[in-house]
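Work through these exercises with the model open beside you. Try each task before reading its solution.

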Amino acid sequence: MKYNWHRIQFAIMSLVIVFAGYCNSVAQNENFPLPESLKPNVKFWIGVYAKYTSDHIVIHDNVRMDIIYEIVNVDTLFPESVDYSDKMLWKRIETIKDKYRDILLKLARMNVSYPESLSEKERQVYQLFGTNPSPVEFRVAADRIRGQQGLKEQFLEGLIRSGRYLKFMEETYKKHGLPLELTALPHVESSFNNSAYSKFGAAGLWQFTRSTGRQYLKIDYTVDERFDPEKATESAARLLKRNYQTLGSWPLALTAYNHGVNGMKRAIQQVGSDDIAEIVQKYKGRSFKFASRNFYAEFLAALHVSRNYTTYFGDVDFHQPIDYTVLEVPSYMRISTITDKLSVTIDDIKILNPSLRRSVLQSERMLPKGFKLRIPDRDGIDIDGFYAHIQNNEKFDRQLTNNWYKVRHGDNLQKIAKQFSTSVNQLLALNNDIEDIHTIYVGQVLRVPEGGDTELASNDEPMTPIQTDVVATNQIKNEPEPVLETTNQSTPPTTVAADVKWYQVRWGDSLEQIAARFNMSIDDLMSRNQIADKDQIFVGQLLKLFDDIPEVNTEPALAFQDADSNDEFIEETPELEYYTVVDMDASIPNPVNPEPIDEPTSNGSWHTIARGETLEKIAQQYQVNFDDLMAINNIENKNLIRAGQTLIIPDARVPQPDEIDNISEIKTKGYYVVTPGDNLEKIAQKLQTTALELARINNLRNQDQIQIGQKLLIPDQLTTYASLVTVDIPQNNLVAEQVGINENSDNAQSFQQKVERTSDPKVDYIFVMPEETLGHFADWLEIRTQELRNINGLKYSHEIQLGQKIKIVYSNVLREEFEQRRMEYHRVIEEDFFASFRIDSVQTHLLRSGENIWQLCNDVYEVPYWLFIKYNPHLNINRLRNGEKINIPIISEKSVASTD
């Protein structure tokens with residue numbers, strides 16, 4: 001393309017006079033000083049906000065912001081007849097950046113002060129670096145070329161929208177004693193678009209993330225106060241005030257709004273200064289990238305342009321605040337009750353109450369009790385007499401809850417509808433994103449009517465990716481339903497043998513599942529076995545199924561050396577090979593170890609004793625120590641065992657080091673065996689963890705306190721992350737189909753919530769999923785975060801990791817409540833993301849040396865981490881190698897109308 005160097009110089013010089021005036025105007029502002037070294041940065045952003053439109057791409061150095069290589073006019077890149085996409089545009093920009101990269105590398109190789117042999121373009125680039133630049137400067141600059149699209153139209157739109165909000169913003173900041181200049185910050189964050197939603201989940205005018213927003217605001221499946229302009233403004237004021245009190249200056253407090261207070265503390269400590277200019281120039285924090293380095297400069301530029309808008313935009317027709325009155329909702333009620341009685345529309349409610357989520361606006365949830373609902377202030381609306389005209393049957397004392405069901409193999413809508421006593425049409429109404437009633441997908445989460453026997457996505461099903469060729473059959477036919485259904489993929493359909501009388505509880509069983517298997521009610525099963533709490537059953541427990549079966553020889557034989565003598569003790573039929581079913585009288589005691597058995601660890605397994613087996617034979621079969629086998633099962637006499645008894649099998653023989661090929665095999669065993677020459681540092685390197693973490697989980701006071709042959713527990717975070725993911729199957733999306741994704745489904749639940757049940761109904765173990773924190777768990781459990789830390793032995797500074805095993809206690813909420821809240825949290829993340837963004841394609845990236853997933857997600861492709869994992873269920877994140885193929889979803893923003 002054609003380069004117009006004189007045009008570039010003129011464009012840059014046109015800002016000099018205005019910018020000089022700006023420098024003089026802010027020099028006296030003690031709250032927001034402009035350091036000399038940041039002047040080029042501020043000048044650059046003034047140009048982006050006030051001069052360059054979206055038709056301009058500024059090619060520049062991302063550190064030395066005064067170095068601008070070219071201002072590309074987008075109209076010159078494509079013929080008028082070509083309707084180009086963003087992807088096409090930025091691909092062309094990459095080509096232009098490559099040209100400048102080649103020039104810089106050539107200058108680095110020439111190693112001369114001012115070679116006359118340079119072309120005109122090369123000399124222009126050379127001159128940008130001042131007098132006698134070194135080859136190193138050119139070489140480094142070759143990796144710092146960046147393209148920035150102009151934002152002039154966007155900034156003007158933000159100015160217009162700001163008229164609706166600035167009055168109450170300034171009143172709020174005055175109340176908190178804060179500088180009014182801070183109200184310019186939404187120009188940087190959202191352009192005053194209250195509907196703004198980022199790829200990484202920041203929302204609203206002030207772009208609160210979920211983790212920061214939950215400190216001040218209510219964020220759940222009913223309300224997201226990040227989208228409430230007034231509450232979000234109040235929260236932003238409190239956050240900025242806290243930042244200032246902690247860090248002591250507004251440049252640092254503002255940068256902390258983007259980078260975090262702790263991040264700025266680390267920056268101050270590393271640089272040895274609290275001067276923002278020094279931090280911007282010298283701090284090399286992993287996440288202190290372009291956006292954080294430029295945040296303060298962007299704010300100063302936005303403040304200048306907004307205060308001098310007539311210089312750049314002329315007269316501006318600002319939006320005016322909307323007058324409204326407030327109705328405090330006295331009880332739970334549907335939004336339709338409000339709109340009917342007050343003659344207002346859903347759109348009226350939505351505009352004035354943007355914090356209300358779709359579930360409320362569509363009457364899937366009710367308005368929360370005590371919610372302060374904004375109503376248009378106009379004649380004819382009787383707020384005072386409103387509640388008196390509401391019928392009692394329209395007032396509720398509790399919130400509606402959504403039930404969820406995760407689709408299994410063999411399901412269809414007709415079958416699911418029957419299970420929940422509803423109709424296919426009702427299921428379609430509750431799940432309006434089902435495009436084809438003949439196709440639903442394994443792992444898909446469906447909303448089902450309240451009151452059914454729900455199956456949350458936190459079932460105890462194996463946490464393995466669902467293959468992309470597994471689709472639930474949803475061909476609706478007039479065929480009789482089978483009597484029994486299976487509850488997981490490893491258990492095939494079965495019919496009950498005519499003489500089955502007892503069932504022995506296995507790991508993962510629940511009374512609901514057992515009752516369904518044998519076509520009986522839960523109440524009947526509980527009554528027959530005198531069970532008061534349906535959650536209090538334990539592995540190995542014998543449950544009585546039926547009474548009307550002919551009696552058989554039930555005399556207990558505790559040592560079975562003669563297989564033929566016990567044919568009547570255990571029933572073995574091909575249909576029941578996955579169950580342990582025995583036929584014995586109620587007088588026969590439960591297994592030898594009748595106390596509830598804890599679930600096996602990930603490195604343990606189960607064995608059900610068959611006829612003729614002995615402990616010696618079982619120990620030899622599994623290559624485990626005989627004494628260990630007796631000890632772990634609390635067996636005092638090796639002869640006191642019987643067919644049908646379930647044994648916990650301790651860890652099998654540990655392979656020698658040369659037998660262990662990779663970390664996944666070590667993880668499967670659950671521990672590492674110390675070998676000659678090992679020390680904790682070497683072992684930590686092998687396991688991709690730290691010596692400190694190994695010492696902590698193994699209670700080692702001295703890191704040298706290890707011996708050859710010693711078994712060291714491995715950290716929970718070595719869990720293969722692919723095993724924590726379940727994948728939705730796409731509908732008519734070839735690209736997504738290649739990686740097993742359905743990005744169009746609002747019902748898509750990316751992550752199955754793995755739970756390890758214990759024999760105590762008040763205690764479970766869960767595994768940390770993306771976007772989850774201890775604070776979230778504490779909120780859902782209604783306990784203090786510190787209490788959760790104490791339960792898990794976590795220090796205040798300890799950050800939990802994806803896949804980490806966490807113990808939780810249901811002291812204040814029911815298990816179902818916790819699971820409901822957790823499910824809704826992840827559903828909200830996906831609903832919000834896919835309301836604003838779409839997946840255009842999937843790109844394959846070959847991992848290179850030095851790269852990591854965090855960097856690829858945040859710095860290179862700008863993909864949220866939870867979405868990345870969803871598109872890469874095959875990866876072991878802890879065991880990535882150079883050249884490994886990674887699926888990268890390419891995201892584009894949907895055209896979402898502003899609420900203004």
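Two strands pair if DSSP finds at least two bridges between them. Keep that rule in hand for the sheets below. The model is a predicted one.

**Exercise 1. Find the order of the strands in the open sheet that contains β1, and say which strands lie at its edges.**

Step 1. Read the order. The three strands run β2-β1-β3, and their pairing is antiparallel.

Step 2. Find the edges. β2 (68-73) and β3 (145-149) each pair on one side only, which makes them the edge strands.

Step 3. Add the twist. From one strand to the next it averages 20 degrees.

Step 4. Look at one pair in detail. β1 covers residues 56-61 and joins β3 through five bridges, in the antiparallel sense. Within this pairing, Ile57 stands opposite Gln149 of β3.

**Exercise 2. Identify the strands that helix α3 touches, then place Gly47.**

Step 1. Locate the helix. α3 spans residues 39-50 and packs on the sheet. It touches β1, β2 and β3.

Step 2. Take the angle. The direction of α3 makes about 40 degrees with that of β3.

Step 3. Place the glycine. Gly47 sits in helix α3.

Step 4. Is Gly47 buried or exposed? The cut-off for buried is under 20% relative accessible area. Gly47 has 0% relative accessibility, so it counts as buried.

Step 5. Measure along the chain and through space. Gly47 and Gly150 are 103 residues apart in sequence, while their C-alpha atoms are separated by 7.9 Å.

**Exercise 3. List the buried residues of helix α7 and decide how they are arranged around its axis.**

Step 1. List them. In α7 (residues 152-162), the buried residues are Phe155, Gly158, Leu159, Arg161 and Ser162.

Step 2. Check the arc. These residues cover an arc of only 165 degrees around the axis, which puts them on the same side of α7.

Step 3. Recall the helix geometry. An α-helix has 3.6 residues a turn, so residues three or four places apart point the same way.

Step 4. Name the partners. The buried residues of α7 pack against α3, α8 (166-175), α9 (185-189), α15 (290-307) and α16 (309-313).

**Exercise 4. Do the same for helix α24, then inspect the residue just after it.**

Step 1. Pick out the buried residues. In α24 (residues 615-622), Leu615, Ile618 and Ala619 are buried.

Step 2. Use the arc. They cover only 100 degrees around the axis, which puts them on the same side of α24.

Step 3. Move past the helix. Gln623 comes just after α24 and takes a positive phi of about 55 degrees.

**Exercise 5. Describe the backbone and the exposure of Glu771 and Glu862.**

Step 1. Start with Glu771. This residue is not a glycine, yet its phi is positive, at about 75 degrees. Glu771 lies in the loop between β15 (763-767) and α30 (774-781).

Step 2. Classify it. Glu771 has a relative accessible area of 33%, so it is partly exposed.

Step 3. Turn to Glu862. Its phi is near 50 degrees, again a positive value in a residue other than glycine. Glu862 is found in the loop between α33 (853-860) and α34 (865-870).

Step 4. Classify this one too. With a relative accessible area of 38%, Glu862 is partly exposed.

**Exercise 6. Work out the layout of the sheet that holds β15.**

Step 1. Set the order. Three strands form this open sheet as β14-β15-β16, with antiparallel pairing.

Step 2. Mark the edges. β14 (755-757) and β16 (805-809) are the edge strands, and each pairs on one side only.

Step 3. Give the twist. Neighbouring strands are turned by 30 degrees against each other on average, direction ignored.

Step 4. Zoom in on a pair. β14 and β15 run antiparallel and are joined by three bridges. Glu756 stands opposite Tyr765 in β15.

**Exercise 7. Find the surroundings of Ser892.**

Step 1. Place the residue. Ser892 belongs to strand β18 (residues 885-893).

Step 2. Judge its exposure. Ser892 counts as buried, at 16% relative accessibility.

Step 3. Trace the neighbours. Leaving out residues up to four places away in sequence, Ser892 touches Ser836, Phe837, Arg838 and Asp840.

Step 4. Find the polar contact. The side chains of Ser892 and Asp840 make one, at 2.7 Å.

Note on methods: Residues numbered from 1 in each chain as written. Predicted model: local features only at pLDDT ≥ 70, side-chain atom pairs only at ≥ 80, totals over all residues. Heavy atoms only, no water. Helix = DSSP H or I, 4+ residues; strand = E, 2+ residues; numbered from the N terminus. Axes fitted to C-alpha atoms, helices over the stretch in contact; angles between N-to-C directions. Contact = heavy atoms within 4.5 Å. Buried < 20%, exposed > 50% of the residue type's maximum accessible area, 1.4 Å probe, protein only. Arc of directions from axis to C-beta. Polar contact = N/O pair within 3.5 Å; in protein donor to acceptor, adjacent residues only side chain to side chain.
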